[in-house]
Amino acid sequence: MSCSIEIVAERLEAHYGTPRWRRHAPPLDELVMTILSQHTSDGNTAAAFASLRRRFPTWEQVRRAASSDVVAAIRGGGLGNRKGPRIQAVLDAIWHDRGRLDLDDYVDLPQSEVRTRLLALSGVGPKTAACVQLFSLGQPALPVDTHVHRVSRRVGLVPPATSAQAAQPILERLLGADRDRVYAFHLNVIAHGRSICRARSPACGRCPLNDCCDAYLATLQTPPAGEDPHSSRPSDGR
């Protein structure tokens, strides 16, 4: 028995609340911040972004700067040698395509066109594009990070072997075109993945989804090593 998208959304909202959509940052800022966020913590991302903007108040200054200076400015966020050139390459591509460094008018474009344009930028994948779309443009795109990917597979929203990239369109179809619903689902599943449905030692006993979670129910059907598989003793669920 798998959890439906309606059950997951409703129960997680009952458990964590209902986040209301708000614009996080202008789209180009969000794009750079999302690149900085890869493989690091939220705190490190914020610190690296603030350091970059202190050193270079405009995106044009970042684009024209020596690569070593950009790397130095974001070093605290981790993987600066990789992220610095990537950010500059993205800024270059936007400049040559648009003649200016902003993406504000993307809010007026269809969601599919925005996604196509963002994915055309070197180093921008589906999750990064979806972050810009959801958090800056208010489009019902779902970023599938490690928590959304893990929880969705465990509760049966997507098949167990589904990749994060393949999970995104499946989950978006299930959620529909309601921006607020997608936003709340995204934030609540992340909260759930961090606090209960952890990668290691998930706290299944206090999970509001455990009665329909494929992964948890499978553990109840597999007796511990050394236990008689035909024993009639009921499981305590721990």
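Which residues touch the most other members of the largest nonpolar core? Keep that in mind as you open this predicted model.

**Stop 1: the largest core.** Select Val-8, Leu-142, Val-155, Leu-171 and Phe-185: among the 31 residues of the largest nonpolar core, these touch the most other members. Now colour α1, α8, α9, α10 and α11, the elements that each give two or more residues to this core. With 5 residues, α11 gives the most.

**Stop 2: Val-8.** Centre the view on Val-8 and show what surrounds it. Beyond its neighbours within four places in sequence, Val-8 is in contact with Cys-3, Val-155, Leu-157, Phe-185 and Leu-209. Two of these names, Val-155 and Phe-185, will be familiar from the list at the previous stop.

**Stop 3: the second core.** Next, pick Leu-31, Trp-59, Ala-65 and Leu-101. They are included in a second, separate core of 29 residues.

**Stop 4: helix α10.** Go back to Leu-171 and select residues 164-175, which form helix α10. From first C-alpha to last, its 12 residues reach 16 Å, close to the 16 Å expected at 1.5 Å a residue. Show the side chains of Ala-167, Gln-168, Leu-171, Glu-172 and Leu-175, the buried residues of α10. They lie on the same side of the helix, because they cover an arc of only 130° around the axis. To see their partners, add α1 (5-16), α7 (111-119), α8 (126-136), α9 (146-154) and α11 (179-195), against which the buried residues of α10 pack.

**Last stop: Gly-176.** Step past the end of α10 to Gly-176, which follows the helix and has a positive phi, near 85°.

Technical notes:
Residues numbered from 1 in each chain as written. Predicted model: local features only at pLDDT ≥ 70, side-chain atom pairs only at ≥ 80, totals over all residues. Heavy atoms only, no water. Helix = DSSP H or I, 4+ residues; strand = E, 2+ residues; numbered from the N terminus. Expected span 1.5 Å × (residues − 1). Buried < 20%, exposed > 50% of the residue type's maximum accessible area, 1.4 Å probe, protein only. Arc of directions from axis to C-beta. Contact = heavy atoms within 4.5 Å. Core = buried A, V, L, I, M, F, W, Y, C linked by side-chain atoms within 4.5 Å.
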